[in-house]
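Trainee: Please take a close look at the metal site in this model, beginning with its surroundings. Then work outward from there to other parts of the chain.

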Amino acid sequence: MTKRYPPINPKCPHFLHGGDYNPEQWLRSPEVLKDDLRLMKLAHCNTVSVGIFSWVALEPEEGRFNFDWLDRVLDNLAKDGMFAVLATPSGARPAWMSQKYPEILRMNADRVRILHGARHNHCYTSPVYREKTALINHKLAERYKDHPALLLWHLSNEYGGECHCPLCQDAFRAWLKQRYTSLDALNQAWWTAFWSHTYTDWSQVESPAPHGEWAVHGLNLDWKRFVTHQTTDFMKHEIAPLREITPNVPVTTNMMGTYAGLDYWKVAPELDVVSWDSYPTWHGQEEDWRLGSSVSFIHDIYRCLKGGKPFLLMESTPSITNWQEVCKLKRPNMHRLSSLQAVAHGADTVQYFQWRKSRGSFEKFHGAVVDHVGHEHTRTFHDVAEVGEILEKLDAVVGATIRPEVAVIYDWENEWVIGDLQGLSRKRRDYGGTCVAQYRPFWSRGVPVDVINMDGDFAGYKLLVAPMLYMVRPGVAERMERFVKRGGVFVATYWSGIVNESDLCFHGGFPGPLRKTLGIWSEEIDALHEGQTNVVVPVAKNGLGLTGRYQARDLCDLIHAETAEVLAKYGADFYKGRPALTVNTLGKGQAYYIASRNDDRFHDDFYGALVRQLELKRVLNANLPKGVTAQMRTDGEHDFVFLLNFQPATRKVNLSREAFTDMTSGQNVKGNVTLPAYGSLILCRPHAA
Ligand code: GLA
Ligand code: ZN
C-alpha cells in the first residue's frame, strides 16, 4: 500500500520553489530588497532560504544582537504570502569570534590551525563554538517561533571537513574507549602489531596525519566514523534549542550528494527531512544521459535516506555553477528537465543557489535567478518562472512516493575502505561508478530503484544488487542469505566479502560470509592496465539468453564455482575457461556473481534478462529510446509519470493505448508522444496496481 506523506510543513501544501536569499548583502539598497519581492512573484517563487551566512549581521559584536533587518525581511515575505527556510548561521562565523576564541578555528590534518577566513571550517568539538551556536539558535527560535513565514529550519550549511585540534583528539579517544572498552581490543581490531604500531597507552592514539600515522587502515576507518559521529553530535546540539522552542517546525540540513566525508545514513535519522545540493556538470565530456542516470541514482539515495519520504532539492543552479572546470550554460530545456528530474525521484521542492547574484567576492558569477542586470528579461529568469508555473500545477504530487521492487546498495563505509586499500588498480577502483553501472539498465528501462545501504531492510524487494560489497558488516550476509532463501534474487560482483567491519580480511576464502549464498570461492583477482581487456563468453543455454561476447576490463576475479552453475566464462589469458558469471540456487531464490568489470552491453543484457524474468514493474509499458527515462511517484490513487529526455535531440515514445493527462497542459495524451531535445513531460493516470 503506497501512502502519501504529509507536506514538509502543513502551512504550505505545495511544491516549494525559490532559493538562497542573502538580503544582508543589500541592506544599503532598500530598492533592491523591494524589487526582490516583485521579482519573486514573477518567478513563481514561494519560498526563500535566509540567514545562511548572516551571523555577523545578526550579532555584529559579542552579545549585541540585531534582528531588525531580518524582522523586516520575514515580515515582507509573510505579507506577500511567502515562506522562509530559516538557517542557523554556523556555516560561517564573525571575525570577532575567531579573534577572541581561536579554539573555534579548525586544525588541519597537518596540525596547523587555520586563520580566520572562508567558511565551513569551525571545530565541531569546541565548547565555545557550541555555546555560541546554541545562543544564536535559541534567539532565532524565540524570536521567530510564531512568525507566519517560518516554514523549516536549515541547519548551518553543508556540514563537512574535519578538525584535528587537541579538543577533537580527546573526543576521538573518548569515542574509541566507548567503542572498544580496552586498548587491547582496539589493537586487535586495527591489527597494530603490523609495523610495530601497537599502542600501549590511550594517549598515544592520534587522528591520521600526513606526517604521522596514515598506514593503519582500521584507524583511518574509525577516524572517518568519528568525524561523522562528531559532526552529527554538533548538529544535534544545534537542533536541541530549535526542537525545544519550535517543536512543529521541521529541521533539515543541506547535504552534498555522495560527498565522501560523512556517512549520510548516520546523519539522516536526526533530521525531519533530508535535502541536498545538486550541481551536475551538464553538457560536459560525459554524455548528458549517462550523467543524468548518475544524478538519478543520487536522488534515489535521498529518497531512501528516510525510507521513501520525499526529500528537498535545497540548491541547484538556474544557469551556471561558477566553481566547475568549465562553466557551461544550461542548454534550452535543461533547467526544466533537471528540476523535474529531482521531482520525479521524490523531491518536494526545487530551490536554487542563488536568488540574486552577489555584487562582489567569490560567487559574483555563480548562476542566479536575478542577474547583475537586475530585471526579469533574461533567459534564466524565464526558465525559472517556467518551472515555477509547472510546480504550481503539481499539488497532487506533493508527498507522493514510490515503492520499487529493486534495490541497489551504496554504502559510505564501503566507499571509504575501498578508497583506502592498497591493491587492485589505484585509479580504477571506482566503487561509485560500479554502483551506477548496475543501476543504469533499470533507469534506461524505466524500472524504479531504491538505493539503500547494507543495513537496509531487504525484505520488500524482488531483486537486490550489491556491487563491490568489499566490507560486510556483522549480520548483513545472514540477512542476504535469508533474502535469497525466501525467494529473492541477489546479484553480487567481484571484490565482495573481503573484510569485516574493522577492515580485517575474512579467513577461509572470499567472499567470506557470502560464500555459501553465492556458491563460489574467489581465489585471486587480476587488475588490468588501461586499454587491456578480456572477454566474457556466455555458455550455451545460460538461462538468461546472453549471447555474443562481452568485454571485461579493470578487474577480473578468478573464481571457482562450488555449488553455483557457470553461465559465462573468460575467453582469454591464462584464465580462459574459468567462470566469469555464475548463479547459485539457494532455497527459493538465486544468487548471481559477476566476476569481472564488464561493458555496458553486458549490464544491459544481464539486467534486461532479470527485468523480464522477474517481471519487474516498469513505469511505462514502452520501449524507451536510449537516453530517455520514465520515473514515477504515486499516492495509491494516481500515478504521476515523468518522461525525461536527456538527449540533445528529439525522441519519440509510444505510450500505446494507455490514456494519460498531461499535467501541465491538461490535455489527454496517448499513442506517440514527441519529446524535444532535453524535453520533459509529466503525465497522470489512475494508479496501475
Ligand atoms: C554550495 C553552497 C552554496 C554555494 C553553492 C555554489 O552548495 O552551499 O552556499 O556556495 O555551493 O555552487
Ligand atoms: Zn577541533
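Mentor: H120 sits in the loop between α4 and α5; helices here are DSSP runs of H or I with at least four residues, strands are runs of E with at least two, and both are numbered from the N terminus. This is a predicted model, in which local features need pLDDT of at least 70 and side-chain atom pairs count only at pLDDT 80 or more, while totals for chains, interfaces and linings use all residues. Residues are numbered from 1 along each chain as its sequence is written, chains are lettered from A and ligands numbered from 1 in the order in which they are written, and side-chain values use heavy atoms, with hydrogens and water left out.

H120 is not a glycine, yet its phi is positive, about 55°. With a relative accessible area of 19%, H120 is buried (buried means under 20%, exposed over 50%, partly exposed in between, with a 1.4 Å probe and protein chains only). The loop between α4 and α5 is also the place of V112, which counts as partly exposed at 46% relative accessibility. Apart from neighbours within four places in sequence, V112 touches R106 and M107, where contact means heavy atoms within 4.5 Å. The C-alpha atoms of V112 and T434 are 37 Å apart, with their places 322 residues apart along the chain.

Now the metal itself. Which atoms coordinate the zinc ion (ligand 2)? They are the SG atoms of C123, C163, C165 and C168, at 2.3 Å; donors are N, O and S atoms within 2.8 Å of the metal (3.2 Å for Na, K and Ca), and since water is not among the atoms, sites may look incomplete. The angles subtended by the four donor atoms run from 103 to 115°, which makes the arrangement tetrahedral. That label applies to four donors if all angles lie between 85 and 135 degrees; four count as square planar and six as octahedral if opposite donors are over 155 degrees apart and all others between 65 and 115, and anything else is irregular. Ideal angles for four tetrahedral donors are 109.5 degrees.

Along the chain, the donors follow the spacing C-x39-C-x1-C-x2-C. C123 belongs to the loop between α4 (95-100) and α5 (127-144), and C163 to the loop between β4 (150-154) and α6 (166-180), so the pair ties together parts that are 40 residues apart in sequence. Both C123 and C163 are buried.

C168 leads on to the next element, as this donor is among the α6 residues that meet α8. The axes of α6 and helix α8 (residues 217-245) are 10 Å apart, and the two pack at an angle of about 105°; axes are lines fitted to C-alpha atoms, for helices over the stretch in contact, and angles run from 0 to 180 degrees between N-to-C directions. That makes α6 roughly perpendicular to α8: 65 to 115 degrees counts as roughly perpendicular, under 35 as roughly parallel, over 145 as roughly antiparallel and the rest as oblique. From α6, the residues involved are C168, A171, F172, W175, L176, R179 and Y180. From α8, they meet L219, D222, W223, R225, F226, H229 and Q230.

Past α6, in the loop between it and α7 (183-190), comes T181. T181 has a positive phi near 65°, although it is a residue other than glycine. T181 counts as exposed at 66% relative accessibility, whereas H120 is buried.

Further along the chain, helix α11 (residues 334-344) is mostly covered, with 11 of its 11 residues buried. G346, just after α11, takes a positive phi of about 125°. The peptide bond from F353 to Q354 is cis, with omega near 15°, and Q354 is in the loop between β9 (349-352) and α12.

F642, in strand β22 (residues 638-645), is buried at 0% relative accessibility. Beyond its neighbours within four places in sequence, F642 has contacts that include L340, V343 and A344, which are among the buried residues of α11. Q631 is another of its contacts, 11 residues away in sequence and 5.2 Å away from C-alpha to C-alpha.
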